[in-house]
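Subject: the model, and what I found in it

Hi,

Here is the structure I promised to pass on. Have a look at it first, and then read my notes below.

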Amino acid sequence: GGYARIRIVENILNNSTEYYMTTKKIISQDKYKVMDENEVKISNGEVGKKIFESLGLKLQQSIKKSRESYKYKNSLIEIDINDTSFCPFPYIEIETKSDDELAEIVNLLGYTMDDTTSDTIYEILKHER
């Protein structure tokens, strides 16, 4: 129902690297996927790894991903391309608080709401295989 991660963000616009510790928990997957997310900026990835280990967490999986992020009105559109050994196709995530804005973005991208899902990437991959 959730996970903890260390995210390394390499910002190509300002040539910087930032590190984040994040926990995510699925609250709902009814109409949309709703997550409770907590995130904190850390000085480097090793610090986060040591904190997770001191809490008794063990690394389950490490996934490399390239992500392009775009802002449209009050929404965030992210195009994810994972290491193909994990996920062989790119996908789009849209984060918004507005049903109308979501439908507008989906339409502008050339899709319909029937093309969307609240499934996690693991559920999508399970269906694809």
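Before anything else, a word on labels: helices and strands here are DSSP runs, at least four residues (H or I) for a helix and at least two (E) for a strand, numbered from the N terminus. With that in place, you can find Gly56 just after H1, with a positive phi near 90°. Please keep in mind that this is a predicted model.

**The sheet and H1**

Let's begin with S1, S2 and S3. They make an open sheet in the order S1-S2-S3, and the pairing is antiparallel. Strand S1 (2-11) and strand S3 (34-42) are the edge strands, each pairing on one side only. On average, neighbouring strands in this sheet are turned by 25° against each other, if you ignore direction. Helix H1 (residues 45-54) packs on the sheet and touches S1, S2 and S3, and its direction makes about 175° with that of S1.

Between S1 and strand S2 (residues 16-28) there are ten bridges, in the antiparallel sense. If you want a place to check the register, Glu10 stands opposite Thr17 in S2. The loop between S1 and S2 holds Asn15, which has a positive phi of about 50° although it is not a glycine. Is Asn15 buried or exposed? Its relative accessibility is 74%, so Asn15 counts as exposed.

Now back to H1. At its start, a side-chain oxygen of Asn44 comes to within 3.0 Å of the backbone nitrogen of Glu46. Which residues of H1 are buried? They are Gly45, Gly48 and Phe52. Viewed down the helix axis, the buried residues of H1 fall within an arc of 65°, so they line one face of the helix. The cover over them includes S1, S2 and S3. On the face turned away from the buried side, H1 carries Lys50 and Ser54, which are exposed.

**S4, S5 and S6**

Further along the chain, strand S4 (residues 65-72) and strand S5 (residues 75-82) run antiparallel and are joined by eight bridges. Glu68 stands opposite Ile79 in S5. The hairpin of S4 and S5 has two residues between the strands, and Lys73 takes a positive phi near 50° there. Like Asn15, Lys73 is worth a look in your backbone plots: Lys73 is not a glycine, yet its phi is positive.

S5 also pairs with strand S6 (residues 91-95), again in the antiparallel sense, this time over five bridges. Here Ile79 has Ile92 as its bridge partner in S6.

**Asp80**

The residue I'd open up in the viewer is Asp80, which is found in strand S5. How accessible is Asp80, and what does it count as? Its relative accessibility is 0%, so Asp80 counts as buried. Buried here means under 20% relative accessible area.

What does Asp80 touch, leaving out residues up to four places away in sequence? The list is Lys65, Ser66, Arg67, Pro90, Tyr91 and Glu93. With Arg67 there is also a polar contact between the side chains, at 2.7 Å. Asp80 and Ile92 are twelve residues apart along the chain, and their C-alpha atoms are separated by 6.2 Å.

**The nonpolar core**

Tyr91, one of the residues that Asp80 touches, turns up again in the largest nonpolar core. Which residues make up that core? There are five: Phe86, Cys87, Tyr91, Ile121 and Leu125. If you set aside the neighbours of Ile121 within four places in sequence, Ile121 is in contact with Phe86, Cys87 and Tyr91.

**One last loop**

Lys97 sits in the loop between S6 and helix H2 (99-108). With 86% relative accessibility, Lys97 counts as exposed, since the cut-off for exposed is over 50%. Lys97 and Asn74 are 23 residues apart in sequence, and C-alpha to C-alpha the pair is 8.0 Å apart in space.

That's what I have so far.

Cheers

Terms used: Residues are numbered from 1 along each chain as its sequence is written. This is a predicted model: local features need pLDDT of at least 70, side-chain atom pairs count only at pLDDT 80 or more; totals for chains, interfaces and linings use all residues. Side-chain values use heavy atoms; hydrogens and water are left out. A nonpolar core is a set of buried Ala, Val, Leu, Ile, Met, Phe, Trp, Tyr and Cys residues joined through side-chain atoms within 4.5 Å. Buried means under 20% relative accessible area, exposed over 50%, partly exposed in between (1.4 Å probe, protein chains only). Contact means heavy atoms within 4.5 Å. Two strands pair if DSSP finds at least two bridges between them. Axes are lines fitted to C-alpha atoms, for helices over the stretch in contact, and angles run from 0 to 180 degrees between N-to-C directions. A polar contact is a pair of N or O atoms within 3.5 Å; within protein, one must be able to donate a hydrogen and the other to accept it, and residues adjacent in sequence count only if both atoms are side-chain atoms. The arc is that of the directions from the helix axis to the C-beta atoms.
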